[in-house]
Amino acid sequence: GSPMKLSLAAEEVATFYAKMLDHEYTTKDVFRQNFFHDWKKEMNEQEKKIITDLDKCDFTQMHQYFTEKAEAKKALPKEEKQKLKVEQDEIAEIYGYCVMDGHREKIANFKIEPPGLFRGRGDHPKMGKLKKRIMPEDVIINCSRDSNIPEPPKNHHWKEIRFDNKVTWLASWTENVQGLLKYIMLNPSSKLKGEKDWQKYEIARRLKDKIDAIRSQYHRDWKSREMKTRQRAVALYFIDKLALRAGNEKEEGETADTVGCCSLRVEHIKLNENDNGQQCVVEFDFLGKDSIRYYNKVPVEKQVFKNLKLFMENKDPTDDLFDRLNTSDLNKHLQELMEGLTAKVFRTYNASITLQEQLAELTDPEESIAEKILSYNRANRAVAILCNHQRTPPKTYEKSMKNIQAKIEAKKEQLAVAKKDLKNAKVDHKVKKDEKSKQMVEKKKKLLQRMEEQLMKLEVQATDREENKQIALGTSKLNYLDPRITVAWCKKWHVPIEKIYNKTQREKFAWAIDMTDENFEF
DNA sequence: TGAAGAGACTCAGAAAGGTAAGC
DNA sequence: CGCTTACCTTTCTGAGTCTCTTC
């Protein structure tokens, strides 16, 4: 119960924990154990002897120190904040760009990752472990021979300087928690990334011409004499129909237990012969990428259902559903069906084609711009649902929903008053028949019209927000939807592109905005 | 020859940061 | 008109996919 002065190294690691005291992570056993284990490694002999139990450590004083510091920064006068901003901008101006093929290009992540505690997603066995500080001696620089090779900080040297023009990264280092490589790469707005993005969508468009043949083939393969072929055909069906990820196998115990299509286990699906009147329903329930839950009930073809039963026969819940299949087999097969085809292309293809179809279906030429944007968001949402892109509802969701409902009510009342006013003005004009009263009628008419527009906007906003509660639109917009579909739609319906893409998105999709006219078809 | 591991790239949601609407 | 608050944008870095290399 007495305060203790820590050595520099132990103190720094302790502050990493103290800063996170409000976070749920610090309540998790695994996080606490991993942290304590790594923290001890930073302690000197004396500290190790005294600090033996994390439960008995009180970090509140440290925590308070950082809270106060953050508040102080927030309370800084405007000019001071401005000054800090300018300093940050200057740093970005110097280090945030590189020159590639004679063009000055923005770098995505030019700052090295600072030390801290590893935060995995879901039940990650390594959460809480110490992520160590990266030194110049850990960093590999990749540039061209004749360029200005960046100088390491004084009295330091780089791990290596190489001149590899077969890769796109500018610098890399190996991270200590999982032993993985990390890279400094270009911003999505760069020519290099833009071209790659374009290529990705072109491959997906090629799939459009092949998809019917591929679908017929996997239908046929459901009846194949070979088990492996049947499994591959059912897996491919899931990937195509449900936009599941490929599902590479991962090392057990090193990461959170998540799966994709090929790594599905028997315990992840349930077969219902009859579910509320629907035949052959498969119930999926598993954790996918980032430990996001995938839950879906899907009616499937009889042959698929039969196959699944067969695949599950005599197996434990923890056995692989597709025990004869892995992603490498699957992708080899796909490569034979179409050059460049891999499992993930199906996600891109189905996402983009869905957007295009939904836009065609939902866009009403008569509607206002605001309503068209709502239609766009709905189409976008259909894709996000397909790809299972979720978000935790914002903490302020309930409150903000109530707010907007209140606003709608208020606007309705205002509208009623405005209607009355208009009526009165009309009556008044009928009696007086003068210019002044006529003008008043016009004025009231305009007011009423404006209010009706405002009300409609609010209602559109409310609907949009409600439907969006748990769905994240950003990921599909940024990574799965061919931007040319969006650009063409905007041009066709005279919706300003800024209403759909913000500044960053316009920069990323500059290639599509440049090359697309309203007739583009995916 | 195929499994394991390394490497390089895309995709992912949370959190921090910034901004504009509303009080 | 200044301040707060809610929302949108940007940053961050972890988590996948898929290919290449090695034994």
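I will talk about how the protein meets DNA strand B, and then about one patch on its surface. This is a predicted model, in which local features need pLDDT of at least 70 and side-chain atom pairs count only at pLDDT 80 or more, while totals for chains, interfaces and linings use all residues. Residues are numbered from 1 along each chain as its sequence is written, and side-chain values use heavy atoms, with hydrogens and water left out.

Let me begin with the DNA. DNA strand B is surrounded by 26 residues, the closest being His23, Lys193, Lys200, Thr475 and Tyr480, where near means that a heavy atom of the residue lies within 4 Å of the strand. By type, these residues divide into 12 charged (Asp, Glu, Lys and Arg), 7 nonpolar (Ala, Val, Leu, Ile, Met, Phe, Trp, Tyr, Cys and Pro) and 7 polar, which are the others, Gly among them.

On the strand's side, 85% of the atoms within 4 Å of the protein belong to sugar or phosphate, and the rest to bases. In the side chain of Tyr183, an N or O atom is 3.0 Å from a phosphate oxygen of DNA strand B, and a polar side-chain atom of Lys344 lies 3.3 Å from a phosphate oxygen of that strand. For Asp290, a side-chain N or O atom is 3.3 Å from a sugar or linking oxygen of DNA strand B.

Turning to the patch, which residue should we look at in helix α5 (residues 78-95)? Tyr95 has its place there, and Tyr95 counts as exposed because its relative accessible area is 54%, exposed meaning over 50% with a 1.4 Å probe and protein chains only.

Methods: Chains are lettered from A and ligands numbered from 1 in the order in which they are written. A polar contact is a pair of N or O atoms within 3.5 Å; within protein, one must be able to donate a hydrogen and the other to accept it, and residues adjacent in sequence count only if both atoms are side-chain atoms. Helices (H or I, at least four residues) and strands (E, at least two) are DSSP runs, numbered from the N terminus. Buried means under 20% relative accessible area, exposed over 50%, partly exposed in between (1.4 Å probe, protein chains only).
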